[in-house]
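User: I'd like to go through this structure and hear the reasoning behind each label. Can we set the values against the cut-offs as we go?

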Amino acid sequence: MSTAVTRPPAASEETSGRGTGGASLVQRLFAVREFGILAALLLLVVVTVVVQPRFLSQQNIRDLLLSASILTVLAAGQTMVIITRNVDLSVGSTLGLSAYATGTLLATQPGTPVLLALLVGMAVGAVAGLVNGVIVAVAKVPSLVVTLGTLYVFRGLDALWASTSGRLQINAADLPTGFKSLGTARLLGIPVLFLVAVLVVLVVGYYLRSYRSGREMYGIGSDPEAARLSGIPVGRRVLTAFVVNGALAGLAGVLYAARFQTLDATAGSGYELTVVAAAVVGGVAIFGGSGSVVGAALGALLLTTIGTALPQLGIDPFWRNAAVGALIIAAIALDRVLALRLAGRLRRRSSRGH
């Protein structure tokens, strides 16, 4: 994939000073892809409502938003990592470790403020992300290998901690009421956990679009060597992406603890592939360099809705995995087609300009 295709609009303008036309094309490309995801989501909802009108009941919508909240936070962090042409498969284990750390803190120190517990959970996740980032950015080990290993390391640490502490499972009765209310609280009828996820998407999206360091992550994903030659601190940016992703996985662990209120060493198992799927389905190129956090959030909401809608349609939930797999293949194929079309249009514009 060429740099011209995947470079974000602002970066293109900044580095070349004549990329307005290409920037406009890329902006439209992102808009079309996000609109396509939104259209697929609305179509799925309409079909499900026709078959099962109770699908849009207040309780069902609330459960849907709560389920999407955790996946959305994880997808926002994963987007930053994938944009830099890396991947983090350890987010599920990081979530579980952070959730258990938060639960243990609250169970042993019931008077701990919720905000402090949240920061502790994020700090645990950030440390896990730092470990991944250092090995990837400094030791130059492929992220797929590193995070596949730490997936099992973090899960093993979680299991070891639970077994040696004599607290194999933390239940709702062990958690303070103030923390448990976080999982059920609503603001203007909207679950607070979902509002937290929306805030995360807005902040990460603003950073990637408006900050030079955020835009440089797209350049790294487009062509790491070219980014390095142009003076971008590639290692530092990749390390930042992993640390932020880890911190957000830690935040997701706190949200997980608040929502489910039952924690053990298996918390978060299976999230890693679902998170990557949400980002890819949402239009984040698996080879880095393009995509948006809003698209990833829509992908997370679409996957969550599929999981909820299939039982309502009388379809075996087994087919959810098949549907997700088909969406991933379609997203990658669409990414390739759009990239080739955009590259062709940019070449034609360039030739007309000479």
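User: Why is R85 called partly exposed?

Analyst: R85 has a relative accessibility of 40%. Buried means under 20% relative accessible area, exposed over 50%, and partly exposed in between (1.4 Å probe, protein chains only), so at 40% R85 counts as partly exposed. As background, this is a predicted model in which local features need pLDDT of at least 70 and side-chain atom pairs count only at pLDDT 80 or more, while totals for chains, interfaces and linings use all residues. Residues are numbered from 1 along each chain as its sequence is written, and side-chain values use heavy atoms, with hydrogens and water left out.

User: What makes the backbone at R85 stand out, and where is R85?

Analyst: R85 has a positive phi of about 70° although it isn't a glycine. R85 sits in the loop between α4 (58–83) and α5 (91–108); helices here are DSSP runs (H or I, at least four residues), numbered from the N terminus. D88 is in the loop between α4 and α5 too.

User: Is D88 buried or exposed, and how do you know?

Analyst: D88 has a relative accessible area of 2%, so the label is buried. Across space, the C-alpha atoms of D88 and L151 are 8.9 Å apart, with the two positions 63 residues apart in sequence numbering.

User: How do you know whether α12 has the length expected of a helix?

Analyst: The expected span is 1.5 Å times one less than the number of residues. For the 27 residues of α12 (residues 234–260) that gives 39 Å, and the end C-alpha atoms are 38 Å apart, so the two agree. As for cover, 19 of the 27 residues in α12 are buried, and the helix is mostly covered.

User: What happens just after α12?

Analyst: Q261 takes a positive phi of about 60° there, although Q261 isn't a glycine. Q261 belongs to the loop between α12 and α13 (271–281), and a relative accessibility of 14% makes Q261 buried.

User: What makes E216 and R237 a salt bridge?

Analyst: The N to O distance between their side chains is 2.7 Å. A salt bridge needs a side-chain nitrogen of Lys or Arg within 4 Å of a carboxyl oxygen of Asp or Glu, so the pair at 2.7 Å qualifies. The bridge joins distant parts of the chain, with E216 in α10 (residues 212–222) and R237 in α12, 21 residues apart. Both partners count as buried: E216 has a relative accessible area of 11%, and R237 has 14%. R212 joins E216 and R237 in a network of salt bridges.

User: How many salt bridges does the structure hold, and what sets the E225 and R228 pair one helical turn apart?

Analyst: The structure holds 4 salt bridges. In one of them, the closest N and O atoms of E225 and R228 are 3.0 Å apart. The two residues are 3 apart in helix α11 (residues 224–229), which means a separation of about one helical turn. An α-helix has 3.6 residues a turn, so residues three or four places apart point the same way. E225 is partly exposed at 44%, and R228 is partly exposed at 39%.

User: Do R62 and D63 get the same or different burial labels, and why?

Analyst: R62 has 18% relative accessibility and counts as buried, whereas D63 has 28% and counts as partly exposed. Their side chains meet in a salt bridge at 3.7 Å, N to O.

User: Which residues form the nonpolar patch on the surface?

Analyst: L43, V46, V47, V50 and V51 form it, with about 460 Å² of accessible area together. Areas come from the Shrake-Rupley method with a 1.4 Å probe, and for residues only the protein chains shown count as cover. Patch residues have over 30% relative accessible area and no salt bridge; nonpolar side chains (Val, Leu, Ile, Met, Phe, Trp, Tyr) are joined within 5 Å and like charges within 9 Å. V50, in helix α3 (residues 20–51), is exposed at 66%.

User: And T48 in α3, buried or exposed?

Analyst: T48 is buried, at 0% relative accessibility. The C-alpha atoms of T48 and A309 are separated by 6.3 Å, although the residues are 261 apart along the chain.
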